[in-house]
Amino acid sequence: MSASSPPSARLLKLGVLASTVLMLAALGLFALSLNGSDHGDGDVRLVVTAQGCEPRELSVPAGETRFSIVNDSQRAIEWEILDGVMVLEERENIAPGLHQPLTATLAAGDYAMTCGLLSNPHGTLHVTANDDAPAVALSRQDFIAPLAEYKVYLTLQTRRLIDAAEALHQAIAAGELDTARTAYREARLIDQRLAMATGLYSDLDERLNARADYFAEREQDPEFVGFHRLAQGLFETGSTDGLTPIATQLLEDTRTLGERLRHQAIPPAQLANGSARVLKAWHAHAIDSKTLNAHELLDLQGLTAGAEKIVTLLAPLLERQAPDALEGLQAQLGRLQQDLPEKSNTAPGAKRSSAVDRDALLTDTHALADTLDKLDRTLALNG
């Protein structure tokens, strides 16, 4: 056969067959990687189905445990560890067929687990005593001043939130769409400054901040209320019709939040850990969007302001015990603040700023959350 002769039909068939085999093999390896075949040897594996957690009950020793949460349902899901209604750890927006790791340091006791849809039954996590585990609680004495200052901040912010929620309720009840939209923006910004504290209370957080994706009937689910439900009506539908009961519930929930924060102390370990958790939750949803809309930008602005307060509170401890960590933390916070657009460009309904750098915001949010997530360990290691 000359060099210019075309390959035979048999050779073409063999080539196509070989290419198909290689493609299928590559797809198989890719699927294995997505379905969590790379779980660590010591990971505690938990599968979330459409009906709940499998197994429904888990038992782990006190101290640090790395979980691997597998989503075996057809919806994006979240998984939380609850102490009563208080959220200790969570992983949000786990896509169908994928898994996410979560490392938690827990004291002995029994905890609840949320398992996918908010209507699913809770699971139970038994944490048994472990004499070899390091102490998980931070020294409260070192946190007296930061916690006292933070309590004042929470009191002032919840008062502002209640006032904004009242204005929002009045505007919706009167059918004043533009006024309601303005009141919504103000209330939502304050709500996100308080996201770390609100996120500690699973019942309030679900009513105030849960997205439609976490309900069985999505936007049509009667349990879907709170800020996202109001935003849907005010900005997507463009009407106040039917929103008065939602605004009434939101106002009541902000008052309940104020009462809880006035009478219950924030655990010291949750200052940094809780701030990391809410930033990671924002990142988990935003990373799935090709662009960041005005609602997401407004939320990040509020979350960043809340994180800045936590960094300020922890700065004296870190300056004494881990100055390098403080320097890095402040630099990351500064980069995120610099990347955020002006407030006028983050208002829902406003024209999105062309200067918004989505990739920079995602990168800097993830970096700040990751550093905050390690602060408890840093402070504990330094006494």
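1. Let me start with the small pairing: strand β1 (residues 44-48) and β2 run antiparallel and share two bridges. Strands here are DSSP E runs of at least two residues, helices are H or I runs of at least four residues, and both are numbered from the N terminus. Two strands count as paired if DSSP finds at least two bridges between them. Within this pair, valine 47 sits opposite glutamate 54 in β2.

2. A quick word on provenance. This is a predicted model, in which local features need pLDDT of at least 70 and side-chain atom pairs count only at pLDDT 80 or more, while totals for chains, interfaces and linings use all residues. Residues are numbered from 1 along each chain as its sequence is written, and side-chain values use heavy atoms, with hydrogens and water left out.

3. Back to the β1/β2 neighbourhood: an open sheet of four strands has the order β2-β1-β4-β7, with mixed pairing. The edges belong to β2 and β7 (99-106), and each has a single partner strand, so one side of each has no neighbour in the sheet.

4. The other sheet is also open, with five strands in the order β3-β9-β8-β5-β6 and mixed pairing. Its edge strands are β3 and β6 (86-94), each pairing on one side only. From one strand to the next, the twist averages 20 degrees, where axes are lines fitted to C-alpha atoms (for helices over the stretch in contact) and angles run from 0 to 180 degrees between N-to-C directions.

5. Have a look at β9 from both sides. Strand β3 (residues 57-61) and strand β9 (residues 123-128) are parallel, over five bridges, and leucine 58 is opposite leucine 125 in β9. β8 and β9 run antiparallel, also joined by five bridges, and here methionine 113 faces glycine 123 in β9.

6. β3 has two distinct faces: Leu58 and Val60 are on the covered one, and Glu57, Ser59 and Pro61 are on the uncovered one. As a rule, side chains in a regular strand alternate between the two faces of the sheet.

7. How many disulfides are there? The count is one, taking a disulfide as a pair of cysteine sulfur atoms within 2.5 Å. It joins cysteine 53 to cysteine 115, with S to S at 1.9 Å, and the link is left-handed, at -100 degrees about the S-S bond. Cysteine 53 is in strand β2 (residues 53-54) and cysteine 115 in strand β8 (residues 109-115), so the pair ties together parts 62 residues apart in sequence. Buried means under 20% relative accessible area, exposed over 50%, and partly exposed in between (1.4 Å probe, protein chains only). Cysteine 53 counts as buried because its relative accessibility is 4%, and cysteine 115 because its value is 1%.

8. On packing, a nonpolar core means buried Ala, Val, Leu, Ile, Met, Phe, Trp, Tyr and Cys residues joined through side-chain atoms within 4.5 Å. The largest has 95 residues, and those with the most contacts inside it are Phe67, Trp79, Ile81, Leu125, Tyr150 and Ile266. A second, separate core has six residues, including Leu118, Ala210, Tyr214 and Phe215.

9. Isoleucine 81 deserves a click. Residues up to four places away in sequence aside, its contacts (heavy atoms within 4.5 Å) include Phe67, Met86, Leu102, Tyr111 and Leu125.

10. Lastly, glutamine 232 in helix α6 (residues 227-237). Is glutamine 232 buried or exposed? Glutamine 232 counts as buried, because its relative accessibility is 16%. Apart from neighbours within four places in sequence, glutamine 232 contacts Glu219, Phe224 and Thr237.
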